[in-house]
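Work through the exercises below with the model open. Each task is followed by a solution in steps.

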Amino acid sequence: MSAVAYRVEGDVAVLTVDAPPVNALGLAVRQGLLAGLDRAVVDDAVAAVVLICAGSTFIAGADISEFGTAKALAEPRIRTIQDLLEASSKPVVAAIHGTALGGGLEVALACHARVAVASAKLGLPEVKLGLLPGAGGTVRLPRLVGPEVALDMITSGAPIAATRALELGVIDVIVEDLEAGAIAYAAGLATDGAPLPVMARDERLRDVDPALFADYRLKVGKKARGQIAPFRIVDCVEAACRLPGAEALAFEAAAFAELLASDQRKGLVHYFFAEREARKIPGLPTDLAPQPIRKVAVIGAGLMGGGIAMVFANAGIAVTLVDVGQEALERGLGVIRKTYAASVARGSTPQAKADRALALIHTTTDYAELRDVDLAIEAVFENMGVKQAIFARLDAATPAHAILASNTSGLDIDAIASATLRPERVIGIHFFSPANVMKLMENVRGAQTSPEVIATVMALGRQLGKVPVLAGNCDGFIGNRMLQYYSGEAEFMLIEGATPEQVDRVAESFGMAMGPLAMRDLSALDLNTVVRAARREAFPDERCTLIVERLVEAGRCGQKTSKGYYRYEGRTRLPDPEALAIIEAHSRELGVARRAFSDEEIRDRLFMPLVNEGAKELEEGIALRAGDIDVVWVNGYAFPAHRGGPMFWGEQMGLDKVAAMAERLAAANGERWAPGPLLRRLAETGRGWSAVGEVLAELRGEMQVA
Ligand code: T1G
């Protein structure tokens, strides 16, 4: 059964691609297209051709799962099909619905015309996979829309709506009935007999300001965080403006091949599939229908509560924002209004959308108004007693079907659930601050959380436009449990001789959005001295430092006091000899001789402990998959997606090196830094995360025998 059906309507051949789920250009689809085009070209009854797709979307790109395999390079390749399209004496019209993305749009650009329904979207998102359009997108698109618009589309990877595509000339007409409209358009082209509008590949683009590309490299450099693809895209579009089509296509092919072989492509493709895999919860009945969430209550009108209220309102869900007093509500609503106003002023949110969202947020101090909510989420400060009291009130005030969630960043979900008579309907929903911006939704299952509640909250994540990951219940869940090792090592290296600017520079050149010490200054140093004191008490034999306490004693609490690890002029951070003097004094206080650090040692001591702790979370079932941990870190902590996430990066570096680093740090810091049995066995046997299941079974078997 070919992936591409062939039939003739009147004198128009209709090629229908049917390759669920997204009609990707896998080898079978490419073979089907070739066969269909060959047949149409020689079919005398055929005067024109329509290329259309079954299912939810037009071709959504090359088949990403083929990358790195022989199939991706097997003939017919996309370019072979495009050559056929452009050589055809019969007009070929692409009929677009859903999302024409990547190779899908590139195939459409090689057709003689493109028609679309108004709801269609078109884009070249290859940059999100560490790639660039490898089938002429950097050559044909600038010829259609000009280099500036092409650069914006290709370096951002963002799709455009059909109406915008029509304005730009990327499509020729918007139709109501896609297939009928495309057939009529193709028949019209055949009847006209006019020369077929093959993309003027060989024309050079005139009057392009050479400064455009230098300016654009500076622009992408500000956001690239070490990514290569954006710069190679600028090179290709520049070549497309400088060279005739055939040479520009060759330039693009070479750049594409370079990126296809890159670690960044491997990391981003791993991340692409890991994000989708994280939605799938093993053991959950697949026929479980998520419960509809039409109205929610948010308890706590502070920074987190306000952000969470915006998340639901933005998704069109009515919100009742609850706090203890009218003043707190007014303050919270004021922050929400200001946030929307700033977003509208920036042009990132239309006024109408902000108005619709604000209209959905209602405030009250009265729990009696919660009798018709489907979900209540608590977002008050991290005090177990306060949370338990709130959950007891919610248990009484909300309908029996309502899900009760806590936004806690690490407290025990089971202890919270014990304050209710419905522990099976209690779950953690941990948003990251600011909740209306950060994508991660770390959902935490309690011991009694029901499958229906888990399925509902995981589906809700997508409805809210978030990236949901399911975590087990432990101190710090998946992300924050690992974070303590990253920030701990940063401090230890300061004591041993590194400077704040060196540690942060290494972290930021690795791809983190902000280094650990600058991050601490941003979140205020005095906020976590209580947590630090509690941890020192809990682990008295463990290595610790009092750097933060010494800085706070000197009035250095971070950006809010214009000094912390750095001195601040506005938001600009500057190395500060006074801070370094405090750190050096603390080195002496601890009797540690300071020494020079290589960037490589800083990198490995910052990131390998993350991998070590992540392996323990896999051992304990706190994380279901290594990829889930990667998704948490990319979306919750701005870990660079082009490195795949900490677990993918650690596996690339070598789990034997991660285990050796863990042994070294355990000797210096304490037992909690040591490698666990899973990492040790993977390292010893040269296996990776795909073998976690089999190794855990081996270890369990050995324990039973022992
Ligand atoms: N290849 C293989 N599988 C894909 C795929 C693709 N291009 N796109 C999606 N899937 C799978 C996905 O893994 C999931 O599988 C299912 O389809 C539904 O996806 C030469 C080289 C199209 C907007 O980057 O943006 O062309 O989990 O959950 O939310 O220049 O998928 O069900 O088993 O995301 O409705 C360029 C990537 C490729 C588009 C639909 N194209 N896909 O979103 O569904 S590179 C892309 C998406 C390229 C050329 C280059 C989205 C979507 P499973 P989903 P969705």
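The exercises cover the ligand shell, the domains, two buried side chains and some backbone geometry.

This is a predicted model, in which local features need pLDDT of at least 70 and side-chain atom pairs count only at pLDDT 80 or more, while totals for chains, interfaces and linings use all residues. Residues are numbered from 1 along each chain as its sequence is written, and side-chain values use heavy atoms, with hydrogens and water left out.

**Exercise 1. The ligand shell**

Task: Describe which residues come nearest to the ligand and which elements supply the shell.

Solution:
- Step 1. The ligand has 27 residues around it, and A62, E106, E126, R276 and R462 come nearest. A residue is near the ligand if one of its heavy atoms lies within 4 Å of it.
- Step 2. Look for polar contacts, which are pairs of N or O atoms within 3.5 Å; within protein, one must be able to donate a hydrogen and the other to accept it, and residues adjacent in sequence count only if both atoms are side-chain atoms. A polar side-chain atom of E106 is 2.5 Å from a ligand oxygen. For R276 the distance from a polar side-chain atom to an oxygen of the ligand is 2.8 Å, and an N or O atom in the side chain of R462 also lies 2.8 Å from a ligand oxygen.
- Step 3. On its own the ligand has 1000 Å² of accessible area, of which the protein covers 74%. Accessible areas come from the Shrake-Rupley method with a 1.4 Å probe; for residues, only the protein chains shown count as cover.
- Step 4. Two or more shell residues each come from β5 (99–101), α4 (103–110) and α12 (263–277). The largest share, 3 residues, belongs to α12. Helices (H or I, at least four residues) and strands (E, at least two) are DSSP runs, numbered from the N terminus.

**Exercise 2. Domains**

Task: Give the domain bounds and the separation of the centres of domain 1 and domain 2.

Solution:
- Step 1. The domain assignment gives domain 1 (4–260), domain 2 (295–475) and domain 3 (478–706); such bounds come from an automatic or database assignment.
- Step 2. Taken over C-alpha atoms, the centres of domain 1 and domain 2 are 42 Å apart.

**Exercise 3. Two charged residues in loops**

Task: Are R425 and E542 buried or exposed, and what do their side chains reach?

Solution:
- Step 1. R425 sits in the loop between α17 (413–417) and β15 (426–431). R425 counts as buried because its relative accessibility is 10%; buried means under 20%, exposed over 50%, and partly exposed in between (1.4 Å probe, protein chains only).
- Step 2. The R425 side chain reaches the backbone oxygen of A402 at 3.5 Å.
- Step 3. E542 is in the loop between α22 (529–538) and α23 (547–553), and at 15% relative accessibility E542 is buried.
- Step 4. The side chains of E542 and R672 are joined by a polar contact of 2.6 Å.

**Exercise 4. Backbone geometry**

Task: Which peptide bonds into P21 and P76 are cis or trans, and what is the sign of phi at R225?

Solution:
- Step 1. Most residues other than glycine have a negative phi, and most peptide bonds are trans.
- Step 2. The bond from P20 to P21 is cis, with omega near 5 degrees. The bond from E75 to P76 is also cis, with omega near 0 degrees.
- Step 3. R225, not a glycine, has a positive phi of about 50 degrees and lies in the loop between α9 (211–224) and α10 (229–242).
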